[in-house]
Amino acid sequence: MSTSPPDSLTTNNCAVCQTPAKLYCSACKLVKYCGADHQRQHWKQHKTECRPFRIAKDKVLGRYLKATRPIKAGTVIFAEMPIIVGPKWYLNEREEQVPVMPCVGCFTPCRMGAHHCPKCFWPTCSPNCGGLDNPNLHGLECSILMLGPGPASSDPRSLIDYYRSDALVVLKCLLLQRQNPKKWTELMDMQSHEVERIGSELHNDAEKRVVSYLQRNFLQRLKSVEQKQKETYLQEYDTAVLHRICGIIETNYMCISLPSGMELSGVYYTACMMEHACQPNCYFQFDQRKGFRISVIAGRDIERYEHLIIMYSNMLWGTQMRQEHLAMTKHFLCKCERCRDPTEYGSNFSAMLCMGDEGESCDGIHLPKDPLDMKSDWACTKCPIMISGEEVRYLLTQMTEEVDNLLSRKPTVKQLEALINKLSKFLHPHHYHLFNLKHTLIQLYGTEIGYSLRNLSDSLLNKKLELCKELYDICQKLDPYTIRLSIYVGIILFEMQTVQIELGKRLLVNGNKTEEQVATALDYFNSAREKLLKAAKILEKELDNVAGSKLSDAVLKSLTELDTLINNNS
Ligand SMILES: C[S@@+](CC[C@H](N)C(=O)[O-])C[C@H]1O[C@@H](n2cnc3c(N)ncnc32)[C@H](O)[C@@H]1O
């Protein structure tokens, strides 16, 4: 127990006898006691609530979580149930075009028009889906959806236009005021940035996509029913509250990837208080079987007083892209160590090559003079040449389009090599565009027809190995504890070991192999084994999603095959 005053305590009274108390639980600093006796007496109850962090507040960050004691890597810091879980908040272009959505009862992917809820006719996996009457699932919104006019026709476009699964998550939030007032109060207490959003692109998009859609199809009809029956079903459902909910979701939602490939959006009261930095110290997992309970886990050892940090953006974007994304969706300027460092922890992830003066190259690289200023000039590290922020932005926009275009349509080895060669004239070899392209290329060397491992020349095999090492080093710089890049690093390690096994096998094909050749082959195999063990460990935290569990299966299968190979040659 401690007597120094913590920053925030919920009450000043002893948790047992309610008399004024000065001592508090030194672990969580959230509960006070009049003395040691009452603390001991309270421990049986308090130990389940005693968390190694507290909620703190700051002018810039707003609320955030701060460790109250050291936390070991791998510790589950806390777990909590969601305020709401619903369909994905942002559908991508492809998802906008296909008549498939998560079943309103259980979130299994289902085709619109195949099966429907017998009451509201919204798409389900089957008319008997167990989630239809569950008040935490479809039971929440079914009676409101019943008021809707239904799709204009049964053609796919009309179905897609009417069954807006992304708007459903807002309706679910709205209905909490009736179904679960405690959760509604928690939701309304969350950061919404509603004022900053007014007039923004996201606000206009939410108006079209969600607010006017819900008003037009369901909420105006609800008003008529309420007026007719002289009864209030919902207290608040005007445009302002709908926009506020959109802001709360936008600012706080977490992406939940299901093994089926479906993505959902979840909002959690405490977990969503965690602040952002571009090198986080925590990660989280969701348990679908337990109602999408979230567990927040320490990704590395965390010291007392350190903030608990997650990452809201993409670790494999350059600083400008991350900054733009955070400013637009979360309304803040990230000033973390990575964002302030023009080299991004020495990775040169955004660096451009200096083109020199009149074609005369100086071997220098261009980095932003002030990475926190989007308009900053980019200076060369070796010569006095500068490029304006506008020029860099123009070049990168063109390149982003080209890279995204290629990667979205299953590129071939030849296409990837060609684009890498082209962009390498302008970008540092570790630039995020080249990282992305090379990461795809290492997976095709060894699998594409004509590029099977056995057919790769020694030089291509070694090129693949060098690329893997280069990408691994970049990941180590950006994410030294592999908190966010587990799948990327898992793939790199997996691809590396395929090369090492192949190199080892090539030494063994010769009928008259020497002892030295066998020993070298075994060195390759053992090194490959280390990579697989490392990958298996890293992927343990990704088993709740499709990509992670598939990759983990492949790693474990290779490990078994490799052990046989090693045994046969030892
Ligand atoms: C998911 S909420 C976090 C909880 C929020 N601070 C609150 O008080 O409810 C995200 C918001 O927190 C603030 N925030 C989070 N990380 C930040 C950071 N590194 N710098 C500045 N603001 C940050 C921003 O306002 C952001 O939109």
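In this predicted model, the largest nonpolar core (a set of buried Ala, Val, Leu, Ile, Met, Phe, Trp, Tyr and Cys residues joined through C-beta atoms within 7 Å) comprises 79 residues, of which Val170, Val210, Leu214, Ile249 and Cys282 touch the most other members. Helix α5 (residues 165–179) contributes the most to this core, with nine residues. A residue is termed buried if 20 or more other C-beta atoms lie within 10 Å of its own, with C-beta atoms placed from the backbone. Helices (H or I, at least four residues) and strands (E, at least two) are DSSP runs, numbered from the N terminus.

When neighbours within four places in sequence are set aside, Val210 is in contact (C-beta atoms, placed from the backbone, within 7 Å) with Asp166, Ala167, Val170, Leu242 and Cys246. Another core, of 47 residues, lies apart from the largest one and includes Ile365, Leu419, Cys468 and Leu503.

Ile365 also belongs to strand β18 (residues 365–368), both faces of which are covered. Ile365 and Leu367 on one side, and His366 and Pro368 on the other, are all buried. Strands are said to pair if DSSP finds at least two bridges between them. Strand β17 (residues 352–353) pairs with β18 in the antiparallel sense over two bridges, and Leu353 has Ile365 as its bridge partner in β18. Antiparallel pairing over three bridges joins β18 to strand β19 (residues 378–380), where Cys380 is the bridge partner of His366.

Residues are numbered from 1 along each chain as its sequence is written. Local features need pLDDT of at least 70, side-chain atom pairs count only at pLDDT 80 or more, and totals for chains, interfaces and linings use all residues.

Methods:
Buried ≥ 20, exposed ≤ 12 C-beta atoms within 10 Å, placed from the backbone. Contact = placed C-beta atoms within 7 Å.
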